[in-house]
Amino acid sequence: MSAETLNTRVAIRAIPPKGRRAREADVKWGSPAVYLVALVLITICITPVLYVIIGGFRTNSQITLDPSGFPSPWQLGNYGDVLASSEFWTAMLNSTISAAGTTAGAVVLGVMASYVLARYEFAGRGVMYALFAAGLMFPVTVAITPLYILIRNLGLVNSLAGIILPQIAFALPTTIIILVPFLRAIPKELEEAASIDGASRLGFFWRMVVPLSLPGVITVGILAFVGAWNGYMLPLFILNDQSLFTLPLGVQNFASQYSVDTARVLAYTSLSMLPALVFFSMFERRIVGGLTGAVKG
């Protein structure tokens, strides 16, 4: 127990019972100003999302007459038309393939590279780790021109592989920065005991390292999946065939075709962002737990 916590408890006990209960409530719940600021920030973040989702249940005339109003009556036809279109499901499938491939590649390569950086001593290890850390400050927009030339020379233009491979590379810095502390925290005595029992280094890696670092693996997998799902710049330069468009490009293409039909565009946008939103919300605790473990490590 820290001295600050001990002093706080002593000070609370010195207060009369009635005042003590109020003081304990303040300590438990925190300052109301913090909740007020959090409520304002949550409102700012959620309001645009709710506007897009609710806007899909309106007609164009309703949006024109009252842009900030609620549907009256609610229209389900916009969402039905989008769900009935083959373009939406094709873009959904392409986004799923792209995100799944990026996640698998980033997790597998990231765990292997992180294991080497965390458990082995070799010349240039610090430089290599710093290089990956610097990758966090290197956005895809800076490298899009040379990256396009490289992908064109490899013959991967207008293919899903042409966006999966670069997305894996851009996901590796985050993956390695999060996983290295997890793998460093694994006791060396555990590796020595596994070696005495006859386990090879590769066997120790698959049987012990991967299960013990599972919270971090899940965290980086979710971040890689959401990042690939929402990727726009790279598919915009690499993909030309509409049958290969991912959902972000599908939204742009749909908005160009139905620029007058604002309600249907809002419905398409809502459905395109819903899978990533649900996926992220379901695993939010996993992400927080993984990042907390990485900081502690």
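Before we set out, a word on classes: Ala, Val, Leu, Ile, Met, Phe, Trp, Tyr, Cys and Pro count as nonpolar, Asp, Glu, Lys and Arg as charged, and the others, Gly among them, as polar. Keep in mind, too, that you are looking at a predicted model.

**Stop 1: the second largest pocket**

Select E87, N253, F254, Q257 and Y268. Of the 16 residues lining the second largest pocket, these lie nearest its centre. The pocket has a volume of about 240 Å³. How many residues of each class does its lining have? You will find six nonpolar, seven polar and three charged ones.

Now colour the helices α5 (77-84), α6 (86-119), α14 (247-257) and α15 (262-282), since each of them supplies at least two residues of this lining. Pause on α14: its four residues are the largest share of the lining of the second largest pocket.

**Stop 2: the largest pocket**

Next, move on to the largest pocket, with a volume of about 400 Å³. Its lining is made up of 21 residues, and a good selection to begin with is V140, Q167, F170, A171 and G227, the closest to the centre.

Which helix gives the most to the lining of the largest pocket? Highlight α9, which contributes six residues. Then show α9 (161-184) together with α12 (214-229) and α13 (233-238); each supplies at least two residues of the lining here.

Finally, colour the lining of the largest pocket by class: 14 residues are nonpolar, seven are polar and none is charged. As you saw at the first stop, the lining of the second largest pocket has three charged residues.

Methods. Residues are numbered from 1 along each chain as its sequence is written. This is a predicted model: local features need pLDDT of at least 70, side-chain atom pairs count only at pLDDT 80 or more; totals for chains, interfaces and linings use all residues. Side-chain values use heavy atoms; hydrogens and water are left out. On a 1 Å grid over the protein atoms alone, a cavity is a set of points where a 1.4 Å probe fits but cannot get out, and a pocket is an open set with protein on both sides within 12 Å along at least five of seven lines; lining residues have an atom within 4 Å of a point. Grid points are joined across faces, edges and corners, and a volume is the space filled by probe spheres set on the points.
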